[in-house]
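Here is a short report on one protein and its ligand. Look at the overall fold before turning to the details.

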Amino acid sequence: MWTFLQRTAGEGFLAAREDGRLLGYAIFVPSLRAIQRRAFFSGEAFKWALHAVSGRYDLRPGRLLRGLQNKVFFLFQGQRFRTRGDAQLLNIAVDPDVQGRGIAKRLVDAGLSAMRALNVPEVRLEVRPSNRSAIALYRKTGWREVGRTRDLEGEWIVMVTTP
Ligand SMILES: CC(C)(COP(=O)(O)OP(=O)(O)OC[C@H]1O[C@@H](n2cnc3c(N)ncnc32)[C@H](O)[C@@H]1OP(=O)(O)O)[C@@H](O)C(=O)NCCC(=O)NCCS
């Protein structure tokens with residue numbers, strides 16, 4: 001999935017490196033639906049599904065089913081927050097050894113400037129209400145809460161920003 005995203009997300013797939021060491025990453029996509037369509041029509045999604053049921057991702061059948069239910073539930077719940085376009089910050093993380101050094105802030109700024117260059121009007125993300133450091137990061141980088149959604153595991157805060 002990462003290789004696929006790296007190929008398709010292009011400028012929005014960001015890595016922070018120091019002396020060749022990976023310190024963090026962020027994945028911004030200008031259109032989630034375009035990525036989903038590409039995954040489907042290229043056969044990649046089918047390959048992932050096959051790997052998942054054949055046990056290659058080490059997911060127990062119960063966990064797999066729960067994951068699928070979660071995704072469907074989440075998709076329906078989240079629809080009402082779709083605003084301008086469907087750009088998304090899919091994921092961001094920084095190595096715990098180097099957190100607090102401004103790396104995530106630089107990744108978010110770089111991702112937003114990549115989205116701006118692609119004329120993306122708005123970017124969306126979801127974050128768990130318990131994830132205080134991520135929420136603080138998003139507030140600091142200009143995101144605002146527009147609502148809440150949920151999946152079977154609990155609530156998500158929906159945030160958006162203009163790149
Ligand atoms: C969230 C995360 C990416 C932040 O990475 P980071 O490189 O430590 O963040 P930065 O140093 O760039 O911090 C930027 C701002 O975010 C806020 N922030 C970051 N970590 C914080 C913390 N632990 N407590 C409070 N605020 C925090 C601060 O406002 C900070 O600015 P400041 O230092 O000038 O006050 C990191 O904690 C992480 O990888 N978490 C696990 C993965 C995750 O939860 N990803 C988000 C999924 S939605």
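## Overall fold

The protein contains 6 helices and 6 strands. This is a predicted model. Starting at the N terminus, the order of elements is α-β-β-α-α-α-β-α-β-α-β-β. The radius of gyration is 16 Å, and the globule rule gives 15 Å for 163 residues, so the protein is as compact as a globular protein of that length.

Along the principal axes, the C-alpha atoms fill a box of roughly 40 × 40 × 30 Å. Of the 163 residues, 19% are buried. Now take the contacts with a separation of 6 or more: 66% of them join residues 24 or more positions apart.

## Helix α5

Helix α5 covers residues 103-117, which is 15 residues. From first C-alpha to last it reaches 21 Å, close to the expected 21 Å at 1.5 Å a residue.

Which residues of α5 are buried? They are Ile-103, Ala-104, Leu-107, Val-108, Gly-111, Leu-112, Ala-114 and Met-115. These residues cover an arc of only 165° around the axis, so they sit on the same side of α5. Ser-113 and Ala-117 lie on the other side of α5 and are exposed.

## What surrounds the helix

Several elements cover the buried residues of α5. Among the strands are β1 (13-18), β2 (21-29), β3 (87-94), β4 (123-127) and β6 (154-161). Helix α6 (132-140) is also part of the cover.

After α5 comes Asn-119. The phi of Asn-119 is positive, near 60°.

## The ligand shell

How many residues surround the ligand? There are 18. The closest are Gln-99, Ala-104, Ser-133, Ala-136 and Leu-137. Ala-104 thus appears in two roles: it is a buried residue of α5, and it is among the closest to the ligand.

Which element gives the most to the shell? Helix α6 does, with 6 residues. β3, α5 and α6 each supply at least two residues of the shell. β3 and α6 also help to cover the buried residues of α5.

By class, the shell has 9 nonpolar residues. A further 5 are polar and 4 are charged.

## In brief

Helix α5 has a buried set of residues on the same side, with β1, β2, β3, β4, α6 and β6 among the elements that cover them. The ligand has a shell of 18 residues, and α6 contributes the most to that shell.

Definitions and conventions:
Residues numbered from 1 in each chain as written. Predicted model: local features only at pLDDT ≥ 70, side-chain atom pairs only at ≥ 80, totals over all residues. Helix = DSSP H or I, 4+ residues; strand = E, 2+ residues; numbered from the N terminus. Expected span 1.5 Å × (residues − 1). Buried ≥ 20, exposed ≤ 12 C-beta atoms within 10 Å, placed from the backbone. Arc of directions from axis to C-beta. Contact = placed C-beta atoms within 7 Å. Near = placed C-beta within 6 Å. Nonpolar A, V, L, I, M, F, W, Y, C, P; charged D, E, K, R; others polar. Rg over C-alpha atoms; globule rule 2.2 N^0.38 Å.
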